[in-house]
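Colleague: I have a few questions about how the ligand is held. Could we go through them one at a time?

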Amino acid sequence: MEAAYQNIENELKKLYRDEKERIASLAGTYLGDMDNPVFGDGNFHARLMFIGEAPGSDEALIGKPFVGKAGMQLDEMLKAAQIDRSEVFITNVVKYRPMKPTSRRMSNRTPSAREIREGLELLRREIALVRPSMIASLGNTPLAAMSLIAGIDVMKIGDVHAAPTVIEIGGLSAILFPLYHPASTIYNRELTQVLQDDLVSLGKIYTQMRMKI
Ligand code: URA
C-alpha cells in the first residue's frame, strides 16, 4: 500500500483509539451505546466525504457507518449521483449511537448540541487527514457541525440544500454540499424527489471536479 495512504490510516486509527476511550468515559453522562462506537470508513484519498449524524443500531452492531437500512438508502443516493461507494469516505458527527427509551425498546435520538460540540474536534481532524475537496452533509446535524467548524452562520437544510458553499477549514478549501438526510424522506415523502434532484446536482459537480485532477 502507498505510504501516504498508510499514514492517513495510521493517524485515523490513533484518533479513533483516543475517541473510543473518551466515549467509554461518557457512559452514565449521556444515554447511548458507548460500548460499540462507529468510526469513519472508506477511501482515505477520497475527494468526497459524506458526513452523517450518528450511528444507529445496525451500525453499532456491525461497526461501520451507514450499513443496514441507512446503508441501503445511502447506496441508492450514490447510485443517483453516479458515484461509486469505494471512492468516498463516510463518517458521522457523533461516533456512538445516541439512544432514548421508548415503551418497548431503545430508539435512536438526535444528539444534543453539547454532544455535537464534543464531536467537532475529531471531525475537524478527520477532514484535515483525508483532505476532501467536497463534503456532503446529510441532514441538519452535520450541517450545523460543518458550519461551526468553518466558523460560518449555522444553516438549516431546508434553506440551503444543494447550494454549494466554499468553506475554509484550517488551510483546506472545500465545497460544502448540504443534502437532506436519507431518512428524512421516510417522514416527508415530498422530499424524495427533492433529494433525487439534489443528488443529480452533486454528481455533476463531483464529476467536473474529478475531471480537473
Ligand atoms: N444515520 C446516520 O446519520 N449515520 C449512520 O451511520 C447511520 C444512519
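**The ligand and its surroundings**

Modeller: Keep in mind that this model is predicted. A side-chain N or O atom of Asn-92 lies 2.8 Å from a nitrogen atom of the ligand.

Colleague: What share of the ligand's exposed area does the protein bury?

Modeller: Start with the ligand alone. It then exposes 230 Å². Of that area, the protein buries 92%.

Colleague: Which residue has a polar side-chain atom 2.9 Å from an oxygen atom of the ligand?

Modeller: Look at the residues that surround the ligand. Among them are Pro-65, Phe-66, Ala-70 and His-181. The polar side-chain atom at 2.9 Å from a ligand oxygen belongs to His-181.

Colleague: How far is a backbone N or O atom of Glu-53 from an oxygen atom of the ligand?

Modeller: Glu-53 is one of the residues around the ligand. Here the backbone provides the atom, and a ligand oxygen is its partner. The distance is 2.8 Å.

Colleague: Which residue's side chain does Thr-141 join in a polar contact?

Modeller: First find Thr-141 in helix α5, residues 140-150. Leaving aside neighbours within four places in sequence, its contacts include Val-93, Thr-110 and Glu-53. The polar contact between side chains spans 2.8 Å, and the partner is Glu-53.

Colleague: Is Thr-141 buried or exposed?

Modeller: Use the relative accessibility. For Thr-141 the value is 6%. The cut-off for buried is under 20%, so Thr-141 counts as buried.

Colleague: Which pocket does the ligand take up?

Modeller: Gly-52, Ala-54 and Pro-55 are among the residues surrounding the ligand. The space that the ligand takes is the largest pocket.

Technical notes:
Residues numbered from 1 in each chain as written. Predicted model: local features only at pLDDT ≥ 70, side-chain atom pairs only at ≥ 80, totals over all residues. Heavy atoms only, no water. Helix = DSSP H or I, 4+ residues; strand = E, 2+ residues; numbered from the N terminus. Buried < 20%, exposed > 50% of the residue type's maximum accessible area, 1.4 Å probe, protein only. Polar contact = N/O pair within 3.5 Å; in protein donor to acceptor, adjacent residues only side chain to side chain. Contact = heavy atoms within 4.5 Å. Near = heavy atom within 4 Å. Areas by Shrake-Rupley, 256 points an atom, 1.4 Å probe, with all protein chains shown as cover. 1 Å grid on protein atoms, 1.4 Å probe; cavity = no way out; pocket = protein on both sides within 12 Å on 5 of 7 lines; lining within 4 Å. Sits in = over half its atoms within 2 Å of the grid points.
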